[in-house]
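This report accompanies a protein model and its bound ligand. The sequence and structure are shown first.

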Amino acid sequence: MAERIVVLGGGTGGTLTANRLRRALPDAHITVVDQDDRHVYQPGLLFVPFGLTHPEDIVRPRGRQLHRGIDYRECPIDHVDLATDTVVLADGSSLQYDVVVVATGSVLLPEETEGLTGPGWMEKVFTFYSLEGAAALEASLTRFERGRLVVNVVDMPIKCPVAPLEFCFLADWYLRERGVRDAVELTYVTPLDGAFTKPVASARLAGLLAAKGVELVTEFNTGEVDGGAGRLIGYDGREVPFDLAVVVPLHGGAEFVGRSPGLGDELNFVPADEHTLQARAKANVFVIGDASNLPVSKAGSVTHFEGEVLVENVKRFLGAEPLDASYDGHANCFIETGFNKALLIDFNYDTEPLPGHFPAQVGLPLLKESRLNHLGKLMFQWFYWHSLLPGRDIPGIGAEMPAAGKETGAAQNH
Ligand SMILES: Cc1cc2nc3c(=O)[nH]c(=O)nc-3n(C[C@H](O)[C@H](O)[C@H](O)COP(=O)(O)OP(=O)(O)OC[C@H]3O[C@@H](n4cnc5c(N)ncnc54)[C@H](O)[C@@H]3O)c2cc1C
């Protein structure tokens, strides 16, 4: 009998996994389940508020991204019964599996922060982390000419931890282009003790914020957003006033994980082996992308690199072979800095983002603003639809982090 593989989620990870599995296991029966038919190219959300792209340019139908021979079911997942290897859908139907891949990403939980969705929500308090939020923010930003613009991360983990910093850099550019930058105070409010998590990159990014006149408020744990009075209130009593707030809400795993006994942790993320991506819950469960609780960035690049190892391991599991433990935590991210420039960072579990070049001594500059990196960021959307999702390898960008080109001495100098 053909092996039955069910992929939960038809976003970045689910789509690329199903497409790679289709090639790797031609006889398997593969089903992808998602709750809607709107695949959003999420890195594009950053550009929507500045009018640099539009919602209709970053959304495509989900089913059309899947290769022929993959079944697509559009229905919310209700829960997974690990004991009977069954996925139960919201319409009451169920799917039996030999292997299940959890690729249901993370969800935004704005209602978890007091006041965030209260008065002022979508009027002077926005998020660009959803399509609707990004579009509504665009309409508000075009009218914003003076006052205090605050960008706030409520808590980690969040998707693409550099995206709120990119928002600050682009806001600085956008307000300058419109000739109103001098009338706007721009502030970045983060729960971290610096601009970013890793020391070398954090120092470089804090330097860039300062150079662009963006005030940095650190170790601020947002307890309440008072949209009426226009202030963020920290658990320690500190307040940050705003006229316009751009908030990245708390993230959690998909809700159905909480209804699936034994599958997830207290935030509904799925614990898994850091190197094989096999879930701790049961041997025939694998996890990819934002849905996992691995100590990696919640990023499309991570999801892409994980995909190669995950597909190999599903194949090995079904063939009763030892798993491949080669996923090294590789992450790679362009950081848009405005004025047609961007930085690039590349790192893994053991190596923090360092200066140098990617992927070798000649290549894109790391941790340094350049036009080449900006073009790389823009071109990535094409690669996403035509190479990453179809499950093709992108030349020069492999799952394993390249060490050549990195200035390892830089870590000691900071
Ligand atoms: C503003 C922004 C900017 C970003 N920029 C970058 C960037 O520059 N570089 C980068 O690498 N990454 C970036 N990312 C992150 C990247 O988009 C995600 O990490 C990536 O999409 C994760 O893939 P995933 O498959 O884990 O989750 P997703 O692609 O989010 O897919 C999860 C899927 O599961 C489905 N699902 C969830 N629950 C259920 C349910 N109960 N039933 C049925 N279906 C369900 C959802 O509908 C969704 O389709 C950005 C993200 C944001 C928000």
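The sections below describe the ligand site, the aromatic pairs, helix α6 and the backbone features of this predicted model.

## Ligand site

The ligand is surrounded by 30 residues, of which Thr12, Gly13, Asp34, Ile77 and Asp290 come nearest. By class, this shell consists of 12 nonpolar, 12 polar and six charged residues. Both domain 1 (4–105 + 254–318) and domain 2 (110–250) take part, each with at least three residues in the shell. Two helices, α1 (12–24) and α6 (300–318), each supply at least two residues. The most comes from α6, which gives three residues to the shell.

Several polar atoms of the protein lie close to ligand oxygen atoms within the 3.5 Å limit for a polar contact. For Arg62, a polar side-chain atom lies 2.9 Å from an oxygen atom of the ligand. The side chain of Gln42 places an N or O atom 3.1 Å from a ligand oxygen. Ala299 takes part through its backbone, where a polar atom is 3.3 Å from an oxygen atom of the ligand. On its own, the ligand has 1,000 Å² of accessible area, and the protein covers 92% of that area.

## Aromatic pairs

The structure contains 11 aromatic pairs. One of them joins Phe50 and Tyr174 in an edge-to-face arrangement, with 5.4 Å from centre to centre and 65° between the planes. The angle qualifies as edge-to-face because the planes are over 60 degrees apart. Phe50 is in the loop between β3 (39–40) and β4 (59–60), whereas Tyr174 belongs to helix α3 (residues 163–177), so their pairing ties together parts that are 124 residues apart in sequence.

Both partners have little relative accessibility: Phe50 is buried at 6%, and Tyr174 is buried at 8%. Each value falls under the 20% limit for a buried residue. Phe50 and Tyr174 also belong to a cluster linked by ring pairs, together with Phe128, Tyr129, Phe167 and Trp173.

## Residues of helix α6

Ser301 is located in helix α6. Its relative accessibility is 15%, so Ser301 counts as buried. The side chain of Ser301 reaches the backbone oxygen of Asn332 at a distance of 2.8 Å.

Thr303 is also placed in helix α6. With a relative accessibility of 5%, Thr303 counts as buried. Between Thr303 and Ala325 there are 16 Å in space, C-alpha to C-alpha, for a separation of 22 residues in sequence.

## Backbone features

Where do cis peptide bonds occur? One joins Met156 and Pro157, with omega at about 0°. Pro157 is in the loop between β12 (147–153) and α3. Another cis peptide bond joins Phe358 and Pro359, with omega at about 5°. Pro359 is part of strand β23 (residues 356–359).

Positive phi values are found at Leu277 and Phe339, neither of which is a glycine. For Leu277 the angle is about 70°, and the residue is in the loop between α5 (255–258) and β20 (285–287). Leu277 is buried, with a relative accessible area of 0%. For Phe339, phi is about 55°, and the residue is in the loop between β21 (331–338) and β22 (341–347). Phe339 is partly exposed, at 34% relative accessibility.

Conventions: Residues are numbered from 1 along each chain as its sequence is written. This is a predicted model: local features need pLDDT of at least 70, side-chain atom pairs count only at pLDDT 80 or more; totals for chains, interfaces and linings use all residues. Side-chain values use heavy atoms; hydrogens and water are left out. A residue is near a molecule or strand if one of its heavy atoms lies within 4 Å of it. A polar contact is a pair of N or O atoms within 3.5 Å; within protein, one must be able to donate a hydrogen and the other to accept it, and residues adjacent in sequence count only if both atoms are side-chain atoms. Accessible areas come from the Shrake-Rupley method with a 1.4 Å probe; for residues, only the protein chains shown count as cover. Helices (H or I, at least four residues) and strands (E, at least two) are DSSP runs, numbered from the N terminus. Ala, Val, Leu, Ile, Met, Phe, Trp, Tyr, Cys and Pro count as nonpolar, Asp, Glu, Lys and Arg as charged, and the others, Gly among them, as polar. Domain bounds come from an automatic or database domain assignment. Rings of Phe, Tyr and Trp (its six-membered ring) pair if their centres lie within 6.5 Å; planes under 30 degrees apart count as stacked, over 60 as edge-to-face and the rest as tilted. Buried means under 20% relative accessible area, exposed over 50%, partly exposed in between (1.4 Å probe, protein chains only).
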